[in-house]
Amino acid sequence: MVSNQDAGHSQNLGLVYRSQWSYNGGMGRKKWNLKDRIFKYVKLDPETGCWNWTGYKDQGYGCIYIDFKRFLVHRVVYELLREDFDPELDQHHDCLNHSCVNPDHIIQLTNSEHQKLHKLLKMRIAA
Ligand SMILES: [Zn+2]
Ligand SMILES: [Zn+2]
């Protein structure tokens, strides 16, 4: 019983663009299709399953400008493809590949859980 067009979620930034995600034109077509625009810059790594972002990156994270606002691509893709997106949560890369935008590789954590996890990961790398 999950509805894609539930207007109740429209306060989430990226969901404003959900209607453009798979919009393929037809009559009166004037906007780009966000899905095509994003996937033009995604390169699948068949070994890891990562969707590697080949577009603009900041500190290793894929970034995209939508209507002059900057978004993290992995967040936008997660938000557009997953019903359980929570804007209050951090989207952590379970695959540890920060340029990956595959929602299957993202887990949502609270900010404190996320920071704890990164501290642990850092220790593991240092060890
Ligand atoms: Zn990945
Ligand atoms: Zn993380």
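Colleague: Among contacts in the protein chain between residues at least 6 apart in sequence, what share joins residues at least 24 apart?

Modeller: First, a caveat: this is a predicted model, where local features need pLDDT of at least 70, side-chain atom pairs count only at pLDDT 80 or more, and totals for chains, interfaces and linings use all residues. Residues are numbered from 1 along each chain as its sequence is written, and chains are lettered from A and ligands numbered from 1 in the order in which they are written. A contact means two C-beta atoms, placed from the backbone, within 7 Å. Of the contacts between residues at least 6 apart, the share joining residues at least 24 apart is 42%.

Colleague: Is His 105 buried or exposed?

Modeller: His 105 sits in the loop between β6 (90-93) and β7 (106-109); strands here are DSSP E runs of at least two residues, helices H or I runs of at least four, numbered from the N terminus. Buried takes 20 or more other C-beta atoms within 10 Å, exposed 12 or fewer, partly exposed in between, with C-beta atoms placed from the backbone. His 105 has 20 C-beta neighbours inside 10 Å, so it counts as buried.

Colleague: Which element gives the largest share of the largest nonpolar core?

Modeller: Such a core is a set of buried Ala, Val, Leu, Ile, Met, Phe, Trp, Tyr and Cys residues joined through C-beta atoms within 7 Å. This one has 15 residues, with Val 73, Val 76 and Val 77 among those touching the most other members. Two or more residues each come from α2 (34-39), β2 (51-53) and α3 (73-81). The largest share, five residues, comes from α3.
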